Amino acid sequence: MNYIIKNIRIFTALLAITITSCEVVDVTDIQPVFQIDEGSVITDIDGADRALKGVYSLLINNSQFGQAFVVTLPGITTNMGLTQKPGVFSGSSANEVDFFTNEAKPDNGYIADYYPAIYKLINNANHVIEKTANLQTDDPRQEEIIAEAKFLRALAHFYVLRLHGEFFDLDSSYGIVLKSSPVANSDAQPRANVADSYEFILNDLDDAILNAPNFSTTIYASKLAAKALKSKILLYKKEYAQAAALADEVITSGLRTLEPEFADVFEKKINNPLEAIFQTNYDDFNEFNNKQAYFLFFYQLSDDYKELLSDDARYDAIVANGGFYGSINKKFANPENINQRRSDTEYFLRLAEMYLIHAEALLRSDNSETAITIARGQVNTIRERAGNPLLTTTDRFDLLEEVRIEKLLELGAESGEEWFDLVRYHKEGNLDINTIKPLPSEANLILPMPQRTVLVSNNVVVQNPGY
Amino acid sequence: MEFKLTKIHFLSKKWILLTIMRTFIFLLCTTVFGLNTNIGLAQEKVKIEHDKIVSVDEVFEIIINQTKYSFLYPTDLFKDAPKVKLKKGVISVNDLLQQTLPENKFNITLGLQNRILIKKNAEIKNVQQSITGKVTDSSGDPLPGTTIRIKGTNKGVEANFDGNYSIEVELNKILIFSYVGKKSREITIGNETTIDVILEDDDESLQEVVIIGYGSQKRKDITGSVSKVDMVGVANQAPINIDEALVGRAPGVFVLPANGTPGSSAAIRIRGTTSVVGNNEPLYIIDGVPVEIGFGESNASFQTNSFSQTSPLAAINPQDIETIDILKDASATAIYGSRASNGVVIITTKTGKKTGEPSVTLNVKTSVTNFLNNERRTLNSEQYQAVVQQAYENVNLPVPSDAVLYPYGRDIDTDWVDAISQVGYTKDYYLNIGGSTKNRETLYSLSAGLLDQTGTIHNTGFERQTVRSKVETKLGKFRMGMNINYNNSKQLGNTQFYSTATFYNPTIPLYDENGNPGQTRASNPYTYTTYKNELDNTNLSLTLFAELTLAKNLLLKTSYATNRIENLSTTYIPSTNALNIQFNIAGSLNIGDNTYTSKIFDNTLTYNNQFGNHRITALIGSSHTSNSTEKTHTTAEGFPDDTVSVYPGAADFLTITNAGTVSGLASYFIRANYNLSHKYYFTFTGRADKSTKFGPNNRWGYFPSGAIAWRLSNESFMEDVDFVNDLKLRASYGKTGTANFDDFQYSTFFSLGNYYGGINGPVANVIPNPDIKWESTNQIDIALEYTLLDQRISGSIGYFNKKTSNQILLRDIVFETGGNNQFFNIGDFSNKGFEFLVGVDVYRDTKFKWTTSLNLSAIRSKMLNLNGAYFENLREGDPIDAFYGAKVVGIFQDQAEIDALNAASPTGYYQAYGTAPGDFKFQDTNGDNKVDITDNVNLGQAAPDVFGGWTNTFSYGNLQVSTLFNFSVGNTIANFGRRNEFTISDENTNSGPGILNAWTPENTDTDIPRIAYRDPNGNRRFSDFFIEDASFLKLKNINISYQFDSNLLKKLAISNARIFLSGTNLFTITSYSGFDPEINDEPANNFQQGYDYQRYPSVRTFSLGLNLNF
């Protein structure tokens, strides 16, 4: 011990050297690599724009299985809507079959895949909205960026609402979880009621209609896209008159026209399709999404749908015999070009749908004969373009059904609109869904909330009735 | 109680009784007969037949046998007396006794009935002698710090810097000179006052030195739990990678070799699994440089990369390794703080010896390997066709036409396993030159190794080149050195071919008549083996260290090390591949480039001193580590040809992704060892770690530990217990941590790589948990170490209890966050068990020796508490590696039973839509009338209840045979091979002969389900049908070696030559029906332990080697 005491000074000095040597190599003062800190991701308009593209990118590639918006959601809703059925590689997976038979359970793997993916987009949109709003700038792009992000947030929330919420009942408490700011922790948040859900979504769209850029390209949100989406949402909300007015505004804006040939819509894809209003971009490099392969392996056209198409002029543009793969959906898995392009687009909104929304909304909101005539005219515009005989129906309810059938024919096996039409028509009393597609129960009109979210939130997020 | 194993007791039983009686009398006797002993004794003479060296006791025996005299003396009086050299001839008893018993030390009197009484002479007991001298090694170098101890006491001194010592000692006492790594010497003090001692190197005693973190310690002074690996045994096994040779070598260390893939790495678990998210491999310290398997990242990332990374362990040539020490308890490991929860393995490579001259070692080895079972285990073509036919018919589907099913006709019968198999062949060369300069101040060891292994599957293999240099030099009080280790290895071939071959359609030919490979919708497995699939690993590690002796007892050491590992994986699937043809892909290339860089700056100050009976060693230090990984993955598709223009720049489509991490760890540590009289030991260790993996509030982690040990054998009350040589009881308690998971989980970060409209945008992808902190493991360890019966039996028995709390689990979170899960400190996990080790020198004489050693461990692991979170299939009360699945309760025999069950089910069906007679009936565990995942039960666990190893070494002259058995009890395996053998999914999957006994209406007495196309009942679902008990006893290795006669070799200028034949994986006793119960196809995955996917079955290896020393 004496030794130490004697040499205490040397000892202390050495200790100091040893300890302070960390200053020489401060290993803990580091920044992450390949990652950007939250505080420095949006510091100017360019950064905000870039982050906005990040949000768009989540439309095409954002879930474990791949592409929730581009593949999974259209895939399962067309299965539910009976235009497609499970493909050759999905036979053993109860998950996919369950949508076809409307028996999806809360623990369904596809739900667990796309549902958080949708909210991931919402969260990123929220980052862009909040952080862009905080920028001190006079750049007009600031408001546009926020408006585009709000459009995407509205689209995403709407997709959740129409699948998992009782969107058809404004008095229902079974709306959806609305996220208005970036996630800072993992706390659960309860579902809003349906009315509030609609209000939140429509507010976002109103902002987009006001501030989004004018239409210039189909791959980004625009005022026109916001109007079109709002029109569609109002149709779901049963505010038919407004829906019809907005649809008409989009059609008559002249910004988009119908593609002269139906088949060209799916030939042109993102290559200047005249009637697309909002669709996803893709390329075979970084924006590659494999949609064609998915539609080849996991989905094929249903027998019902083929039969319905059998005396329609669009048959050849939609149906192809894929041999081993069954009946191929040519919209996305065209055997003639399947091997060249394996990516594909998702047509969120195209003009043909606006004609049919206009027709239906008009029929439901306006009792006049003029309305029937206009509505029939809108349907016939679509039929004429397809090369089909024109309708002469004069009965409102017959025509309503004709609109639904036309939607099936025109937009079937595309984005699943046919399923939501079935639900809406059923709820409006226009048809009994069970005569077309027997459901295990009325509860199956909407999908269950994902089991995980209900369980982990300790029922703060409540399950849908009947599940 | 007294045992003697070497010496045969020269006393008969009667004699013992007599002696006891006599001793009794002697002790009671108060009268000593004062006869002139010399006169009487001088008259009697004894005859010595020939020259011999005998013990004092034996001298007395000679006298007893030849004269009328008997002896009476305390039993242990001559226990430590030097032996006596007897000359041939006749000698008087008196002279003989004078010669035998040192002068003035004993009082000899002649008692009644010619009884000679011998007593210790009390008067001369305290004569002190002052002895000085110098201790050197065989080359004349002083050995400072040599302890010189008076035998039987705790008094002693230490040699100074020049090796000089000085000690006061009584006459006839014995001095013990000991120095780490040298043979201890005992010298009896006579009249001399100067004793110079030369201590020779001793391999045996070397093993008694244990390398602990930032230092070394004598085995006997260790307070923690440290296992030393028997490197001789490891060398006998002639392993390619060091991890495979650790099987069965140390208690508490469970090693599960991956599979037969050349170059594959094993899973090593020290005292069980501690982390769910983190990976559970121990921390390796290779020549002082920490190497984390999985590069310190999470298990998920370790797992994803495990097929594109070579284990850093594969980079070390086992022949370069001198010692392996495994640190297990908290006291031993806490010096490594936050990374030590999984234990620490310290590997030290060879250093040059202070011989003053170079020593050259040349090892040459060749091995052949083959699969453990080469019998055909798949159906032949005819059987296969019958099964396919049945598969369709059983589900009432029309059997497709032959053109569809058998495009090459029905007559072809290809044994795909045979087609891809071959006899593996390994060549291994190793050259080492080591030694020191003439002045012995500079030590060096240079080595190079070359390994070329051809696998048992075509086009698989492992190549490795290693170059290593270790040089150090001394300049007075300053010592510095440098280690360089470079290696390049290449793993060839994918590991999946075997299972593909087992179920590939046998009616497909290897080649069709045009010479094109036969194929179905997928290319055949043989074709796959021909595709380029390489994993290239380059590893460079450099260490520079300097030591300065500041004062007599104070040593400053500083070292800087850098380690760089690059893994480059390349796979190319050519355009001719069946799938690529279908998708019209003109070739696809995948290149993964992972680079890991680690820089470590260590400073330690060691103080070492002794004050009387107090001995203290203290260490303080700091360590700064910075780690970074960079991963670039390139996917390229569409090449103009399949041979030349195959590089990313030539591709039509190209995707590049980058990832990487950087983390820093600043650490400060202290350790103090104190021992009192070599009886009571105290150790305190503490480490503080600051890691960037955690948020600003939780960066620091503190890891203290304490240990005490008590050497009972040094206590006076144990002095009479002769059969105990050494007995030590030790206990420790302390805390260590785990932090091997992804960096930066505490905040929201955005990463690029998300493209839209040609623009790369940032996306927030982690749901932050600002409160994330260290996982910590508290461990208690109690053990008894023993050496018994003249050092012939030694070992330890111990208990440990490890509790890991704040375990980081990827807790599921509400989906509305946009994420699936998030890291949370939430779980509690427990590992407890017993470890037992015993080594016995069973027999030893000049020619024949037999030693044996057995180690055994019993470990129980379980998840104590999930605290509301859940992760994968983790369940409270079960271990991580539990298998959950359906339970088969029988086979449905009639439709009525199925109908009844379906009717009762709320979903309309009991277990599947397509259930029919002949299908498995699964258990409805929860009684809800239907079978789904909620009915899954625990079907067993991958880790064994008890495991261990048993080694035996027999040597006879120059011939040596050593064997290693390892065993495992209570482990189960998910046998996916069995799934392929007994069930069929579609027409393109072959099965095994077992399926021929499948259920049919005629063959109902079977446990094999019916054959059904696309398996409508889900008979292939994960169930206990595929889970098998895999307890085993295996002859892991046998080695037969012959050491050539050194006289013979001298003429050839060879100092040592040894030839050996070694066999690995020779036979196994097990009920497991797969190839090998010792299998782990996904060593990196915590949740896939014990899965046998038959990716690359284990192999049997025979090696023939020659070791030469010049």
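**Reading the interface of chain B and chain A**

Modeller: In this predicted model, 75 residues of chain B are in contact (heavy atoms within 4.5 Å) with 76 residues of chain A. Local features need pLDDT of at least 70 and side-chain atom pairs pLDDT 80 or more, whereas totals for chains, interfaces and linings use all residues. Residues are numbered from 1 along each chain as its sequence is written, chains are lettered from A in the order in which they are written, and side-chain values use heavy atoms, without hydrogens and water.

Biologist: How is the area buried between chain B and chain A to be read?

Modeller: Buried area is the accessible area (1.4 Å probe) that two parts lose on being put together, summed over both. Here the value is about 6600 Å², with 64% from carbon and sulfur atoms. On the side of chain B, the most area is lost by B:Tyr756, B:Phe815 and B:Glu816, together 15% of what that side buries.

Biologist: How many salt bridges cross the interface of chain B and chain A?

Modeller: Side chains of opposite charge can pair when their charged atoms come close. The rule requires a side-chain nitrogen of Lys or Arg within 4 Å of a carboxyl oxygen of Asp or Glu. Across this interface it finds zero, while a search of the whole structure finds 67 over all chains. One salt bridge joins A:Arg385 and A:Glu410, whose closest N and O atoms are 2.7 Å apart. These residues lie 25 residues apart, in helix H16 (residues 369–386) and helix H17 (residues 396–411) of chain A respectively; helices (H or I, at least four residues) and strands (E, at least two) are DSSP runs, numbered from the N terminus.

Biologist: Which strands of chain A and chain B are joined by bridges?

Modeller: Two strands pair if DSSP finds at least two bridges between them. Strand E1 (residues 36–37) of chain A and strand E37 (residues 749–756) of chain B run antiparallel, joined by two bridges. In E37(B), B:Phe750 is the bridge partner of A:Ile36.

Biologist: How many helices and strands are in chain B?

Modeller: Chain B has 17 helices and 54 strands. Its C-alpha atoms fill a box of roughly 120 × 65 × 65 Å along the principal axes.
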